[in-house]
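This report introduces a protein structure to a reader who has not met it before. Please look over the sequence and the model shown here before reading on.

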Amino acid sequence: PKQDAENWQRSLDAAVAAAPPHISIYDLQVEEGTAFGRWYSPGEAPLPSDEASANMYRAASVTLTSAGYEHYEVSNFARRAEDGGTAATRCRHNMVYWTNRPYYAFGMAAASLLRGVRFTRPSKLSKYSAWVHQLSDAEGHIDEVPMEVLLRYSVRCLYAAAEEELLDKLMLGLRLADGISLQ
């Protein structure tokens with residue numbers, strides 16, 4: 001909110017001067033049904049226009065890549081190492097998501113990818129609590145919990161078909177500068 005090109009460039013310059021190994025830039029997304037969504041009308045202040053946001057994104061890419069950062073993902077930049085590589089400074093946490101590897105997520109409305117199935121936890125406390133109790137009644141490690149128990153109270157489940165999995169891999173892979181393998 002209240003961001004303009006001059007203020008944004010000062011923020012970028014300060015980030016470069018601090019020389020962190022990794023920088024993320026995300027444009028604020030206004031979601032319907034949220035408090036901010038009720039306060040803000042598209043095309044009106046305090047947020048920049050779509051054109052101004054796009055210009056700030058381009059300024060970030062130019063500033064950060066000129067300062068030695070690799071623009072390795074849509075919203076992420078990693079400082080190049082002495083040997084020219086960036087693997088050590090790429091965000092390992094998010095690379096799990098973008099390369100479609102399995103992960104656990106906990107909390108209301110959190111999404112996990114386990115055993116080839118992506119599912120989302122309930123967003124309401126009562127349903128989430130019931131889901132947690134179902135899991136706690138199951139014996140053993142979460143990897144051993146039957147998938148039907150994991151999915152029982154899940155809000156959304158993907159990968160019912162191979163086509164959905166392929167589309168997800170494409171969408172996630174195209175976020176990365178590395179792209180996708182056609183093999």
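## A nonpolar patch on the surface

In this predicted model, Leu-174, Ile-180 and Leu-182 together make a nonpolar patch on the surface, with an area of about 340 Å².

One member of the patch, Leu-174, is found in the segment that follows helix α7, which spans residues 162–173. Leu-174 counts as exposed because its relative accessibility is 58%, and the cut-off for exposed is over 50%.

## Overall architecture

The protein chain contains 7 helices and 6 strands. Read from the N terminus, its elements follow the order α-β-α-α-β-β-α-β-β-α-α-β-α.

The chain has 183 residues, and 31% of them count as buried. Here, buried refers to residues under 20% relative accessible area.

## The largest pocket

The volume of the largest pocket is about 590 Å³. Its lining consists of 21 residues. Nearest the centre of the pocket lie Tyr-26, Asp-27, Leu-28, Pro-48 and Ser-53.

Helix α3, formed by residues 50–66, supplies the largest share of this lining, with 5 residues. By residue class, the lining of the largest pocket comprises 13 nonpolar, 6 polar and 2 charged residues.

Key:
Residues are numbered from 1 along each chain as its sequence is written. This is a predicted model: local features need pLDDT of at least 70, side-chain atom pairs count only at pLDDT 80 or more; totals for chains, interfaces and linings use all residues. Side-chain values use heavy atoms; hydrogens and water are left out. Patches are made of residues with over 30% relative accessible area and no salt bridge: like charges are joined within 9 Å, nonpolar side chains (Val, Leu, Ile, Met, Phe, Trp, Tyr) within 5 Å. Accessible areas come from the Shrake-Rupley method with a 1.4 Å probe; for residues, only the protein chains shown count as cover. A salt bridge is a side-chain nitrogen of Lys or Arg within 4 Å of a carboxyl oxygen of Asp or Glu. Helices (H or I, at least four residues) and strands (E, at least two) are DSSP runs, numbered from the N terminus. Buried means under 20% relative accessible area, exposed over 50%, partly exposed in between (1.4 Å probe, protein chains only). On a 1 Å grid over the protein atoms alone, a cavity is a set of points where a 1.4 Å probe fits but cannot get out, and a pocket is an open set with protein on both sides within 12 Å along at least five of seven lines; lining residues have an atom within 4 Å of a point. Grid points are joined across faces, edges and corners, and a volume is the space filled by probe spheres set on the points. Ala, Val, Leu, Ile, Met, Phe, Trp, Tyr, Cys and Pro count as nonpolar, Asp, Glu, Lys and Arg as charged, and the others, Gly among them, as polar.
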